[in-house]
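Reader: I would like to learn how to read a model feature by feature. Can we take it residue by residue, then step back to the whole chain?

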Amino acid sequence: MAEKKKHFALDALRTDGWFERIGEGIGSFQALCEIVGERFFAFSIIVGARITALTVDRRSPDQTLVDFVVGAADVDQDLEPQRLTLADFRRRLVGALLVEEDREAPVPSRETDVEAVQLFIGVRYLLLAPLYGYSLLELIVDAKEVHKSEVRVNHDGTEQRFDLESFRLRLRAHIREELERVAAGARSAIDLSKVAEAESAALRKEWPRVVTLLGAWPAPLAIFLRTPEGQMLAPEARSLIAKGLGLLGSACVHLGDVEQAEEVFRIGIQYAQEGLAAAELFRRLGEALLMNDRPGEAIGPLRRAIAFGGAATDVMPPLARAFLKRKRFVAAYACLRDALAAGVGERELADELREVETALGPSLTVWKVRLLA
(Lines give C-alpha, C1' and ligand atoms only; values in the text may rest on other atoms or scores of the structure.)
Protein backbone atom coordinates (compact mmCIF):
# COMPACT_ATOMS: atom_id res chain seq x y z
CA MET A 1 0.00 0.00 0.00
CA ALA A 2 1.40 3.42 -1.04
CA GLU A 3 2.57 5.67 1.78
CA LYS A 4 0.10 8.46 2.44
CA LYS A 5 2.68 11.07 3.40
CA LYS A 6 5.87 12.17 1.66
CA HIS A 7 8.74 13.66 3.61
CA PHE A 8 11.02 16.27 2.04
CA ALA A 9 14.16 17.33 3.89
CA LEU A 10 14.64 21.08 3.54
CA ASP A 11 18.38 21.32 4.11
CA ALA A 12 18.95 22.37 0.49
CA LEU A 13 16.25 25.05 0.68
CA ARG A 14 16.97 26.47 4.10
CA THR A 15 17.64 30.19 3.80
CA ASP A 16 19.04 30.87 7.29
CA GLY A 17 21.29 33.94 7.21
CA TRP A 18 20.38 34.99 3.66
CA PHE A 19 19.83 38.61 4.66
CA GLU A 20 23.15 38.88 6.46
CA ARG A 21 24.97 37.33 3.49
CA ILE A 22 23.44 39.88 1.14
CA GLY A 23 24.51 42.60 3.54
CA GLU A 24 28.15 41.60 3.14
CA GLY A 25 28.02 42.80 -0.46
CA ILE A 26 26.23 46.11 0.19
CA GLY A 27 28.43 48.95 1.38
CA SER A 28 25.55 50.97 2.81
CA PHE A 29 23.86 47.94 4.39
CA GLN A 30 24.12 49.10 8.00
CA ALA A 31 22.93 52.62 7.20
CA LEU A 32 19.94 51.28 5.26
CA CYS A 33 19.02 48.99 8.16
CA GLU A 34 19.18 51.86 10.62
CA ILE A 35 17.12 54.27 8.50
CA VAL A 36 14.59 51.95 6.85
CA GLY A 37 14.49 49.33 9.60
CA GLU A 38 16.29 46.00 9.35
CA ARG A 39 13.23 43.88 8.65
CA PHE A 40 11.65 46.43 6.33
CA PHE A 41 14.85 46.53 4.32
CA ALA A 42 14.66 42.72 4.12
CA PHE A 43 11.01 43.03 3.01
CA SER A 44 12.07 45.36 0.20
CA ILE A 45 14.52 42.76 -1.08
CA ILE A 46 11.87 40.02 -0.93
CA VAL A 47 9.30 42.00 -2.95
CA GLY A 48 11.91 43.31 -5.40
CA ALA A 49 11.79 46.99 -4.43
CA ARG A 50 15.33 48.27 -4.98
CA ILE A 51 16.12 51.41 -2.96
CA THR A 52 18.08 53.89 -5.07
CA ALA A 53 18.23 56.92 -2.76
CA LEU A 54 17.19 58.21 0.66
CA THR A 55 16.56 61.82 1.65
CA VAL A 56 16.77 61.62 5.43
CA ASP A 57 14.61 63.85 7.62
CA ARG A 58 16.27 63.78 11.05
CA ARG A 59 13.47 65.72 12.75
CA SER A 60 10.69 63.52 11.38
CA PRO A 61 12.27 60.17 10.47
CA ASP A 62 9.03 58.77 9.01
CA GLN A 63 9.05 61.70 6.55
CA THR A 64 12.35 60.48 5.11
CA LEU A 65 11.92 60.16 1.33
CA VAL A 66 12.64 56.77 -0.24
CA ASP A 67 13.41 56.58 -3.98
CA PHE A 68 13.06 53.06 -5.36
CA VAL A 69 12.32 50.96 -8.42
CA VAL A 70 10.38 47.71 -8.59
CA GLY A 71 11.58 44.90 -10.82
CA ALA A 72 14.75 43.14 -11.86
CA ALA A 73 17.87 45.22 -12.42
CA ASP A 74 17.93 44.66 -16.20
CA VAL A 75 19.84 47.11 -18.36
CA ASP A 76 17.31 46.60 -21.16
CA GLN A 77 14.37 47.40 -18.89
CA ASP A 78 13.42 51.00 -18.19
CA LEU A 79 12.19 50.83 -14.59
CA GLU A 80 9.96 53.68 -13.48
CA PRO A 81 11.40 55.41 -10.39
CA GLN A 82 9.02 55.93 -7.49
CA ARG A 83 9.21 58.05 -4.34
CA LEU A 84 7.37 57.60 -1.05
CA THR A 85 7.83 58.74 2.51
CA LEU A 86 9.37 56.07 4.72
CA ALA A 87 6.04 55.47 6.48
CA ASP A 88 4.22 54.94 3.17
CA PHE A 89 7.07 52.82 1.81
CA ARG A 90 6.81 50.50 4.81
CA ARG A 91 3.05 50.20 4.32
CA ARG A 92 3.56 49.44 0.63
CA LEU A 93 6.02 46.65 1.45
CA VAL A 94 3.72 45.09 4.02
CA GLY A 95 0.77 45.29 1.64
CA ALA A 96 2.76 43.52 -1.08
CA LEU A 97 3.79 40.73 1.28
CA LEU A 98 0.27 40.19 2.60
CA VAL A 99 -1.26 39.68 -0.83
CA GLU A 100 -1.90 35.96 -1.21
CA GLU A 101 -0.75 34.26 -4.40
CA ASP A 102 -3.63 33.32 -6.71
CA ARG A 103 -2.22 30.13 -8.18
CA GLU A 104 -1.67 26.92 -6.26
CA ALA A 105 1.68 25.25 -6.79
CA PRO A 106 1.66 21.57 -7.81
CA VAL A 107 2.56 18.98 -5.19
CA PRO A 108 6.27 18.08 -5.45
CA SER A 109 6.92 14.49 -6.44
CA ARG A 110 10.56 14.01 -5.46
CA GLU A 111 12.97 15.53 -2.96
CA THR A 112 15.51 16.50 -5.61
CA ASP A 113 13.02 18.77 -7.35
CA VAL A 114 14.10 21.79 -5.30
CA GLU A 115 12.18 24.33 -7.37
CA ALA A 116 8.89 22.43 -6.97
CA VAL A 117 9.37 22.23 -3.19
CA GLN A 118 10.17 25.97 -3.09
CA LEU A 119 7.05 26.87 -5.03
CA PHE A 120 4.87 24.57 -2.92
CA ILE A 121 5.96 26.24 0.34
CA GLY A 122 6.21 29.70 -1.22
CA VAL A 123 9.50 31.47 -1.94
CA ARG A 124 8.54 34.53 0.10
CA TYR A 125 7.85 32.34 3.15
CA LEU A 126 11.21 30.63 2.81
CA LEU A 127 12.83 34.07 2.96
CA LEU A 128 10.59 35.44 5.71
CA ALA A 129 11.02 32.45 8.05
CA PRO A 130 14.63 33.14 9.17
CA LEU A 131 13.82 36.81 9.80
CA TYR A 132 11.65 35.61 12.68
CA GLY A 133 13.85 32.81 13.93
CA TYR A 134 12.30 29.86 12.06
CA SER A 135 14.70 27.31 10.60
CA LEU A 136 12.86 24.97 8.23
CA LEU A 137 13.69 21.28 8.70
CA GLU A 138 11.15 19.20 6.81
CA LEU A 139 8.07 19.39 4.60
CA ILE A 140 5.50 16.63 5.09
CA VAL A 141 3.00 16.36 2.24
CA ASP A 142 -0.22 14.44 2.57
CA ALA A 143 -0.79 13.14 -0.97
CA LYS A 144 -4.53 12.60 -0.42
CA GLU A 145 -5.22 15.77 1.59
CA VAL A 146 -2.73 18.34 0.37
CA HIS A 147 -4.22 21.06 2.55
CA LYS A 148 -3.07 19.07 5.58
CA SER A 149 0.60 19.30 4.56
CA GLU A 150 2.92 20.26 7.40
CA VAL A 151 6.30 21.86 8.01
CA ARG A 152 8.65 20.92 10.79
CA VAL A 153 10.71 23.85 12.04
CA ASN A 154 13.19 24.80 14.70
CA HIS A 155 12.16 28.02 16.42
CA ASP A 156 14.47 29.50 19.03
CA GLY A 157 15.89 26.06 19.82
CA THR A 158 12.52 24.33 20.03
CA GLU A 159 11.26 21.94 17.37
CA GLN A 160 7.67 22.62 16.29
CA ARG A 161 5.22 21.42 13.64
CA PHE A 162 2.64 23.52 11.82
CA ASP A 163 0.29 22.76 9.01
CA LEU A 164 1.58 24.71 6.04
CA GLU A 165 -1.26 27.23 5.81
CA SER A 166 -1.06 27.97 9.55
CA PHE A 167 2.67 28.56 9.19
CA ARG A 168 2.04 31.04 6.37
CA LEU A 169 -0.60 32.80 8.47
CA ARG A 170 1.83 32.99 11.37
CA LEU A 171 4.47 34.68 9.21
CA ARG A 172 1.91 37.12 7.80
CA ALA A 173 0.90 37.95 11.38
CA HIS A 174 4.55 38.70 12.19
CA ILE A 175 4.63 41.11 9.23
CA ARG A 176 1.49 42.92 10.40
CA GLU A 177 2.92 43.14 13.92
CA GLU A 178 6.09 44.70 12.50
CA LEU A 179 4.10 47.54 10.96
CA GLU A 180 1.86 47.90 14.02
CA ARG A 181 4.90 48.04 16.28
CA VAL A 182 6.34 50.96 14.32
CA ALA A 183 2.96 52.74 14.27
CA ALA A 184 2.39 52.09 17.97
CA GLY A 185 5.79 53.53 18.76
CA ALA A 186 4.67 56.71 17.03
CA ARG A 187 1.23 56.80 18.66
CA SER A 188 2.57 56.12 22.14
CA ALA A 189 4.36 59.45 22.02
CA ILE A 190 0.99 61.25 21.96
CA ASP A 191 -0.60 61.68 25.36
CA LEU A 192 -3.21 64.44 25.28
CA SER A 193 -3.27 64.64 29.06
CA LYS A 194 0.15 66.30 28.85
CA VAL A 195 -1.32 69.44 27.27
CA ALA A 196 -2.64 70.79 30.58
CA GLU A 197 0.71 70.21 32.26
CA ALA A 198 2.52 71.86 29.34
CA GLU A 199 0.16 74.85 29.55
CA SER A 200 0.97 75.29 33.24
CA ALA A 201 4.68 75.08 32.47
CA ALA A 202 4.28 77.69 29.72
CA LEU A 203 2.54 80.09 32.13
CA ARG A 204 5.55 79.72 34.43
CA LYS A 205 7.81 80.25 31.37
CA GLU A 206 9.41 76.83 31.95
CA TRP A 207 10.06 76.30 28.23
CA PRO A 208 12.44 73.32 28.53
CA ARG A 209 9.70 71.53 30.51
CA VAL A 210 7.22 72.15 27.68
CA VAL A 211 9.66 70.60 25.19
CA THR A 212 10.19 67.62 27.49
CA LEU A 213 6.44 67.02 27.68
CA LEU A 214 5.53 67.55 24.02
CA GLY A 215 8.80 67.36 22.07
CA ALA A 216 8.06 63.89 20.69
CA TRP A 217 4.74 64.95 19.13
CA PRO A 218 5.58 66.44 15.70
CA ALA A 219 6.88 63.37 13.83
CA PRO A 220 4.12 60.89 14.77
CA LEU A 221 1.41 63.53 14.43
CA ALA A 222 2.55 64.41 10.91
CA ILE A 223 2.14 60.74 9.98
CA PHE A 224 -1.07 60.17 11.93
CA LEU A 225 -2.83 62.99 10.10
CA ARG A 226 -2.59 61.04 6.82
CA THR A 227 -4.14 57.87 8.25
CA PRO A 228 -7.91 57.16 8.15
CA GLU A 229 -8.00 57.48 11.95
CA GLY A 230 -6.31 60.87 11.73
CA GLN A 231 -8.74 62.12 9.09
CA MET A 232 -11.72 61.10 11.25
CA LEU A 233 -10.39 62.63 14.48
CA ALA A 234 -13.03 64.43 16.56
CA PRO A 235 -12.90 68.27 16.54
CA GLU A 236 -12.22 68.36 20.29
CA ALA A 237 -9.17 66.12 19.92
CA ARG A 238 -7.95 68.16 16.93
CA SER A 239 -8.28 71.35 18.93
CA LEU A 240 -6.38 69.91 21.89
CA ILE A 241 -3.58 68.63 19.63
CA ALA A 242 -3.38 72.04 17.94
CA LYS A 243 -3.16 73.72 21.35
CA GLY A 244 -0.36 71.40 22.42
CA LEU A 245 1.58 72.04 19.23
CA GLY A 246 1.07 75.78 19.70
CA LEU A 247 2.62 75.54 23.17
CA LEU A 248 5.51 73.45 21.85
CA GLY A 249 6.15 75.86 18.99
CA SER A 250 6.24 78.82 21.35
CA ALA A 251 8.67 76.95 23.61
CA CYS A 252 10.93 76.35 20.61
CA VAL A 253 10.81 80.08 19.77
CA HIS A 254 11.79 81.06 23.32
CA LEU A 255 14.62 78.52 23.30
CA GLY A 256 15.99 79.90 20.03
CA ASP A 257 14.99 77.08 17.68
CA VAL A 258 12.78 79.14 15.38
CA GLU A 259 13.03 76.76 12.41
CA GLN A 260 11.72 73.87 14.49
CA ALA A 261 8.97 76.16 15.80
CA GLU A 262 7.84 76.89 12.24
CA GLU A 263 7.56 73.17 11.48
CA VAL A 264 5.59 72.54 14.68
CA PHE A 265 3.18 75.41 13.96
CA ARG A 266 2.57 74.18 10.40
CA ILE A 267 1.63 70.70 11.66
CA GLY A 268 -0.60 72.30 14.29
CA ILE A 269 -2.40 74.37 11.64
CA GLN A 270 -3.25 71.18 9.73
CA TYR A 271 -4.93 69.83 12.86
CA ALA A 272 -6.69 73.08 13.76
CA GLN A 273 -8.05 73.55 10.20
CA GLU A 274 -10.12 76.67 11.05
CA GLY A 275 -11.55 78.80 13.83
CA LEU A 276 -9.80 80.37 16.80
CA ALA A 277 -7.39 77.43 17.21
CA ALA A 278 -6.13 78.01 13.66
CA ALA A 279 -6.00 81.77 14.24
CA GLU A 280 -3.80 81.28 17.31
CA LEU A 281 -1.39 79.02 15.46
CA PHE A 282 -1.18 81.34 12.45
CA ARG A 283 -0.39 84.19 14.83
CA ARG A 284 2.33 82.19 16.54
CA LEU A 285 3.77 81.14 13.18
CA GLY A 286 3.80 84.73 11.96
CA GLU A 287 5.57 85.92 15.10
CA ALA A 288 8.14 83.11 14.76
CA LEU A 289 8.88 84.14 11.17
CA LEU A 290 9.15 87.76 12.28
CA MET A 291 11.64 86.81 14.98
CA ASN A 292 13.61 84.89 12.36
CA ASP A 293 13.94 88.11 10.32
CA ARG A 294 11.51 86.93 7.65
CA PRO A 295 8.88 89.68 7.78
CA GLY A 296 7.66 89.14 4.22
CA GLU A 297 6.77 85.52 5.00
CA ALA A 298 5.19 86.54 8.31
CA ILE A 299 2.55 88.76 6.69
CA GLY A 300 0.58 85.86 5.16
CA PRO A 301 0.12 83.81 8.37
CA LEU A 302 -0.75 86.95 10.36
CA ARG A 303 -3.41 87.90 7.82
CA ARG A 304 -4.77 84.35 8.01
CA ALA A 305 -4.94 84.73 11.79
CA ILE A 306 -7.20 87.77 11.35
CA ALA A 307 -9.31 85.92 8.76
CA PHE A 308 -9.89 83.04 11.21
CA GLY A 309 -11.10 85.39 13.92
CA GLY A 310 -7.90 86.22 15.78
CA ALA A 311 -8.09 89.14 18.19
CA ALA A 312 -6.89 92.45 16.71
CA THR A 313 -5.11 93.22 20.00
CA ASP A 314 -2.91 90.14 19.49
CA VAL A 315 -2.45 90.10 15.71
CA MET A 316 -2.35 93.72 14.54
CA PRO A 317 0.83 94.78 16.42
CA PRO A 318 3.04 91.99 14.94
CA LEU A 319 1.43 92.49 11.50
CA ALA A 320 2.27 96.20 11.71
CA ARG A 321 5.88 95.34 12.58
CA ALA A 322 6.08 92.96 9.61
CA PHE A 323 4.85 95.71 7.28
CA LEU A 324 7.31 98.17 8.81
CA LYS A 325 10.24 95.85 8.16
CA ARG A 326 9.08 95.57 4.55
CA LYS A 327 8.82 99.41 4.41
CA ARG A 328 5.10 99.21 3.67
CA PHE A 329 4.36 102.19 5.90
CA VAL A 330 0.75 102.89 4.91
CA ALA A 331 -0.25 99.27 5.60
CA ALA A 332 1.67 99.37 8.88
CA TYR A 333 -0.14 102.55 9.93
CA ALA A 334 -3.53 100.99 9.14
CA CYS A 335 -2.67 97.99 11.38
CA LEU A 336 -1.53 100.29 14.17
CA ARG A 337 -4.80 102.25 13.98
CA ASP A 338 -6.76 98.97 14.19
CA ALA A 339 -4.68 97.88 17.18
CA LEU A 340 -5.32 101.18 18.98
CA ALA A 341 -9.03 100.97 18.19
CA ALA A 342 -9.12 97.44 19.62
CA GLY A 343 -7.69 98.65 22.91
CA VAL A 344 -3.91 98.31 22.64
CA GLY A 345 -2.23 101.09 24.63
CA GLU A 346 -0.52 103.84 22.64
CA ARG A 347 2.56 103.48 24.83
CA GLU A 348 2.98 99.85 23.70
CA LEU A 349 3.06 100.99 20.07
CA ALA A 350 5.03 104.21 20.55
CA ASP A 351 8.15 103.05 18.67
CA GLU A 352 6.16 101.76 15.70
CA LEU A 353 4.02 104.92 15.51
CA ARG A 354 7.12 107.10 15.62
CA GLU A 355 8.75 105.12 12.80
CA VAL A 356 5.64 105.38 10.60
CA GLU A 357 5.23 109.11 11.22
CA THR A 358 8.90 109.71 10.38
CA ALA A 359 8.63 107.70 7.16
CA LEU A 360 5.37 109.23 5.92
CA GLY A 361 6.17 112.76 7.13
CA PRO A 362 4.01 115.65 5.90
CA SER A 363 1.78 113.32 3.86
CA LEU A 364 0.51 111.68 7.03
CA THR A 365 -0.03 115.08 8.67
CA VAL A 366 -2.09 116.32 5.71
CA TRP A 367 -4.14 113.12 5.75
CA LYS A 368 -4.85 113.52 9.49
CA VAL A 369 -5.97 117.14 8.98
CA ARG A 370 -8.35 116.13 6.18
CA LEU A 371 -9.68 113.30 8.32
CA LEU A 372 -10.43 115.69 11.19
CA ALA A 373 -12.00 118.23 8.84
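Reader: Is D314 buried, partly exposed or exposed?

Author: Start with the cut-offs: under 20% relative accessible area is buried, over 50% is exposed, and partly exposed lies in between. D314 has 40% relative accessibility, so D314 counts as partly exposed. Keep in mind that this is a predicted model.

Reader: Where does D314 sit, and what does D314 touch beyond its neighbours within four places in sequence?

Author: D314 is part of helix α16. With those neighbours left aside, D314 contacts R283 and E287.

Reader: How far is D314 from I223, in sequence and in space?

Author: Give both separations. In sequence, D314 and I223 are 91 residues apart. In space, C-alpha to C-alpha, they are 31 Å apart.

Reader: Now R284. Which helix holds R284, and is R284 buried or exposed?

Author: R284 belongs to helix α14. Its relative accessible area is 19%, and the cut-off for buried is under 20%, so R284 is buried. Not counting residues up to four places away in sequence, R284 touches G246, L247, S250 and F265.

Reader: On to aromatic rings. How is a ring pair described?

Author: Use two values: the distance of the centres and the angle of the planes. This structure holds eleven aromatic pairs. One of them joins F282 and F308, with 5.7 Å centre to centre and 5° between the planes. Planes under 30 degrees apart count as stacked, so this pair is stacked.

Reader: What does the pair of F282 and F308 tie together?

Author: F282 lies in helix α14, while F308 is in the loop between α15 and α16. The pair therefore ties together parts that are 26 residues apart in sequence. F282 is buried, at 8% relative accessibility. F308 is partly exposed, with a relative accessible area of 23%.

Reader: Which residues are linked into a cluster by ring pairs?

Author: W18, F19, F29 and F41.

Reader: Next, the backbone. What sign of phi do most residues other than glycine have?

Author: Most have a negative phi. Look for the departures. D293 is not a glycine, yet its phi is positive, about 60°. K327, also a residue other than glycine, has a positive phi near 60°.

Reader: Where are D293 and K327 found?

Author: In loops between helices. D293 is in the loop between α14 (275–291) and α15 (295–307). K327 is in the loop between α16 (312–325) and α17 (329–342). D293 is exposed, with a relative accessible area of 59%. K327 is exposed as well, at 62%.

Reader: Now step back. How many helices and strands does the chain have?

Author: The chain has 19 helices and seven strands.

Reader: What does the radius of gyration say about the chain?

Author: Set the value against a compact globule. For 373 residues, such a globule would have a radius near 21 Å; the chain has 31 Å. Along the principal axes, the C-alpha atoms fill a box of roughly 120 × 50 × 35 Å.

Reader: What share of the chain is buried, and what share of the contacts is long in sequence separation?

Author: Buried residues make up 43% of the 373. Among contacts between residues at least 6 apart in sequence, 53% join residues at least 24 apart.

Reader: Last, the surface and the charges. What are the totals?

Author: The accessible surface is about 20300 Å², and 51% of that area belongs to carbon and sulfur atoms. There are 49 positive and 56 negative side chains. The centres of the two sets lie 5 Å apart.

Conventions
Residues numbered from 1 in each chain as written. Predicted model: local features only at pLDDT ≥ 70, side-chain atom pairs only at ≥ 80, totals over all residues. Heavy atoms only, no water. Helix = DSSP H or I, 4+ residues; strand = E, 2+ residues; numbered from the N terminus. Rg over C-alpha atoms; globule rule 2.2 N^0.38 Å. Buried < 20%, exposed > 50% of the residue type's maximum accessible area, 1.4 Å probe, protein only. Contact = heavy atoms within 4.5 Å. Areas by Shrake-Rupley, 256 points an atom, 1.4 Å probe, with all protein chains shown as cover. Lys, Arg positive; Asp, Glu negative; His and termini not counted. Charge placed at Lys NZ, Arg CZ, Asp CG, Glu CD. Phe/Tyr/Trp six-rings, centres within 6.5 Å; stacked < 30°, edge-to-face > 60°.
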